[in-house]
Amino acid sequence: MAKLYAYTDGACSGNPGPGGWGVLLQAKDGETVIKERTLSGGEANTTNNRMELLAAINALEKLAKPSRITVVTDSAYVKNGVTGWIFGWKRNGWKTAAKKPVKNVELWQRLDEAQRRHEVTWEWVKGHVGHPENERADELARAGMAPYKT
């Protein structure tokens, strides 16, 4: 049975500044890629964290049916947030432990909703060290940012 992976990345030129997000979706049988799809997009004035979140959100929202998927990100912010911090934020009415509003709350809520219908495993990889799929996601994120750079 094929396994589904989403390699996600966000990029920003300046922080804030023009940004992009990219997703490499792959269905694999062992190490063999059976099917592949790419997604990308961007915004004129955003932050790197927002782009990292949008990459993960778009990966999950584009799946036509509930799926078992591994989302691979180089963002500790996304991985730690979705596998840990989010539970406390929800309990606290989307406030941090310091009682401050969660930054990017609308994106965290969207990610929470997007992952609800799937069985998601989250993996973190170190970025920019030659991981082939992460490098491709980075290229897609930079391509998503390109129309917004002046």
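Before you click anything: "buried" here means under 20% relative accessible area, exposed is over 50%, and partly exposed lies in between (1.4 Å probe, protein chains only). You're looking at a predicted model, where local features need pLDDT of at least 70, side-chain atom pairs count only at pLDDT 80 or more, and totals for chains, interfaces and linings use all residues. Residues are numbered from 1 along each chain as its sequence is written, and side-chain values use heavy atoms, with hydrogens and water left out.

**Whole chain.** Select everything in cartoon view. You'll find four helices and five strands; helices (H or I, at least four residues) and strands (E, at least two) are DSSP runs, numbered from the N terminus. Following the chain from the N terminus, the order is β-β-β-α-β-α-α-β-α. Now turn it around: the C-alpha atoms fill a box of roughly 45 × 40 × 30 Å along the principal axes. Buried residues make up 48% of the 150 in the chain.

**Contacts.** Next, show contacts (heavy atoms within 4.5 Å). Of those with a separation of 6 or more, 66% are between residues 24 or more positions apart.

**Helix α1.** Select residues 48-61, the 14 residues of α1. Put a distance between the end C-alpha atoms: they are 20 Å apart, which agrees with the 20 Å expected at 1.5 Å a residue (that's 1.5 Å times one less than the number of residues).

Is α1 mostly covered or mostly open? Mostly covered: 11 of its 14 residues are buried. To see them, pick R50, M51, E52, L53, L54, A55, A56, I57, N58, A59 and L60.
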